Amino acid sequence: MPDSTALLTSYDYQRVTADAYARRVKAPDYARWRAAVEATGGCTHPIQLTGHHTITDTTGAVLKDLRGRVAVPCGNRRESVCPACSDRYAADAFHLLRAGLCGGTKDVPTTVAEQPRLFVTLTAPSFGPVHNRRVRAGRPVPCRCGTLHQEADPRLGQPLDPGSYDYTGHVLWQAHAGALWSRFTKYLRRHIAQAAGIRVRDFGAHARLSFAKVAEYQRRGVIHFHAVVRLDGPTGPGDPAPAWATTELLTSAVEATHWAVALTAPEVDGVARRLAFGDQLDVRPIRADDAGALEDQDGAITDDRLASYVAKYATKGTGASETPDRPIRTETHIDMLPVPEHHRRIVRTAWRLGGPVPCPACHPGGEHQEDDCPCTAVGYCETCRGGGLVSRTARMHYEHPGLDENKRDPVDALNLRRWAHMLAFRGHFLTKSKHYSVPFRRIRDDRRRFQLEHTLADLGVTEEAITVVNDWHLASVGHPTSEDRELAAAIAERKRDARRHRYQTERKD
């Protein structure tokens with residue numbers, strides 16, 4: 001007799017799923033639920049709050065009283081986690097980038113478009129040959145493996161020989177990429193000052209270097225940087241750049257800095273690696289007009305298209321590298337990740353480097369030995385409390401007892417296990433200098449301000465004549481059922497399609 005819990009056929013599964021959606025749409029609370037989801041833009045992981053929101057006037061009369069449960073967007077920028085919130089993040093990134101390129105918004109003057117500006121791409125070095133899709137004279141050529149890879153070939157970005165690929169160097173470079181960029185901007189100011197014939201310490205009195213930088217993952221699981229670099233006057237974007245500040249001078253300084261920047265990674269397995277940017281460097285001028293292409297026949301990049309080009313990376317993050325959306329908790333978790341083996345080995349290498357090491361007191365020779373291991377003679381070890389493993393910092397203090405007790409081992413200080421899911425990249429996805437344009441906080445505050453003014457206009461009052469009380473507490477996160485999540489994602493997709501249609505209709509460039 002067949003088991004009643006036997007697997008459903010594909011047809012039966014589709015029918016049951018369709019019935020579940022039909023029941024949800026016909027539910028009494030569906031209209032209210034849909035309105036709440038629409039208010040969040042279709043967020044698939046909304047934060048559910050419970051409490052109240054009250055607006056009263058000077059006489060104490062209640063003008064608005066909202067009580068119960070409300071949903072607010074999760075704000076996650078990853079498209080794989082929440083398409084709706086990633087779209088909002090991309091839009092904010094667009095306005096942030098565009099304000100620093102074109103001006104005319106967010107208190108940035110339009111004269112900023114007259115400053116010397118470059119679009120710079122800094123790449124990572126090679127840690128071993130990988131499968132790639134090379135183009136020569138406009139035509140694809142075979143990879144080193146002899147295969148002409150297609151765009152969707154899953155082997156692209158994977159090492160030709162995983163056994164010889166420098167995974168440790170890959171992880172260490174990723175972990176120091178942010179520090180390399182910081183050193184790049186520092187050295188760039190020096191090279192600009194030297195080219196202008198002024199002292200480095202006087203650079204701030206003559207000019208200001210502004211930038212906005214975006215990190216993008218390549219298929220091989222390593223990041224590279226796209227950056228807008230701009231030279232302003234000493235007070236910022238509203239101050240004209242000095243006469244000597246030309247696009248040519250800035251280009252030469254960027255090229256010289258690219259080759260000069262390097263740092264030494266902490267020693268691992270007896271090797272101290274020199275970390276630097278890769279040989280590939282792309283430097284292009286940005287011209288101030290709204291032409292119809294990202295770059296013209298001279299290779300110059302236009303403002304409006306560039307802002308769109310950079311902002312599209314705002315939702316890619318590690319999702320483009322098929323990496324997990326959440327931090328790694330256990331080593332078993334790594335084995336279960338649905339990622340290519342190359343990315344799994346990067347994650348595993350970061351996890352290993354960030355983990356404990358053999359205790360130097362009971363395992364002076366390194367790893368535990370099955371036969372004649374010194375730990376068998378030690379018995380209970382006070383250093384590792386019998387566990388056999390200690391942190392790198394503990395080992396460092398054991399071997400150098402005179403060190404400051406607050407000093408950490410350089411590898412431990414990288415917190416590699418915390419960032420293993422990011423393939424060891426510890427930096428922020430989008431960073432900018434203080435005076436490039438407005439911060440994300442300003443854009444979000446403007447959005448809240450608009451919503452407040454809209455509410456006040458509906459009530460027919462001014463801000464000075466009311467008191468607003470918000471008292472909200474976390475109730476839960478996400479939708480309770482898979483049907484709700486799928487319906488919310490459909491709402492988000494419909495909103496996205498509507499925006500795309502509107503942009504295609506409105507924009508003629």
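At what angle do the axes of H4 and helix H6 (residues 247-260) cross, and within what distance do they come? In this predicted model, the two axes cross at roughly 130° and come within 9 Å. Because angles that are neither roughly parallel, roughly antiparallel nor roughly perpendicular count as oblique, H4 is oblique to H6. The crossing of H4 past H6 is right-handed. On the H4 side, the residues that meet H6 are Phe-184, Tyr-187, Leu-188, His-191, Ile-192, Ala-195 and Ala-196. Their counterparts in H6 are Leu-249, Leu-250, Ala-253, Val-254, Ala-256, Thr-257, His-258 and Ala-260. Sorted by character, the residues of this contact come out as 12 nonpolar and 3 polar, with no charged ones.

H4 has another packing partner to look at. Helix H4 (residues 167-196) also packs with helix H9 (residues 341-353), here at an angle of about 75° and with the axes 9 Å apart. Since angles of 65 to 115 degrees count as roughly perpendicular, that makes H4 roughly perpendicular to H9. From H4, the contact draws on Tyr-167, Thr-168, His-170 and Val-171. H9 brings in His-342, Arg-345, Ile-346, Thr-349, Ala-350, Arg-352 and Leu-353. The residues of the contact between H4 and H9 split into 5 nonpolar, 4 polar and 2 charged, whereas the contact of H4 with H6 has no charged residues.

Stepping back to the whole chain, the protein has 13 helices and 15 strands. It runs to 509 residues, of which 42% count as buried. Among contacts with a separation of 6 or more, 68% are between residues 24 or more positions apart. One pair of residues far apart in sequence is Gly-427 and Gly-178: they sit 249 residues apart along the chain, yet their C-alpha atoms are separated by 5.3 Å.

Turning to the strands, an open sheet is built from 3 of them in the order S2-S1-S15, with antiparallel pairing. At its edges are strand S2 (62-72) and strand S15 (466-477), each of which pairs on one side only. Neighbouring strands in this sheet are turned by 10° against each other on average, direction ignored. Strand S1 (residues 47-57) and S2 run antiparallel and are joined by 10 bridges. His-52 stands opposite Arg-67 in S2.

A few loop residues also deserve a look. Most residues other than glycine have a negative phi. Lys-106 is not a glycine, but has a positive phi of about 55°. This lysine lies in the loop between helix H3 (83-102) and strand S3 (117-122). With a relative accessible area of 23%, Lys-106 is partly exposed.

Ala-424 tells a similar backbone story, with a positive phi of about 80° although it is not a glycine. Its place is in the loop between helix H11 (392-399) and strand S14 (430-432). So is Ala-424 buried or exposed? Its relative accessible area is 0%, so Ala-424 is buried. Gly-427 also has its place in the loop between H11 and S14. At 24% relative accessibility, Gly-427 counts as partly exposed, whereas Ala-424 is buried.

Definitions and conventions:
Residues numbered from 1 in each chain as written. Predicted model: local features only at pLDDT ≥ 70, side-chain atom pairs only at ≥ 80, totals over all residues. Heavy atoms only, no water. Helix = DSSP H or I, 4+ residues; strand = E, 2+ residues; numbered from the N terminus. Buried < 20%, exposed > 50% of the residue type's maximum accessible area, 1.4 Å probe, protein only. Axes fitted to C-alpha atoms, helices over the stretch in contact; angles between N-to-C directions. Parallel < 35°, antiparallel > 145°, perpendicular 65-115°, else oblique. Contact = heavy atoms within 4.5 Å. Nonpolar A, V, L, I, M, F, W, Y, C, P; charged D, E, K, R; others polar. Pairing = 2+ DSSP bridges. Left-handed = near helix turned anticlockwise from the far one by under 90°.
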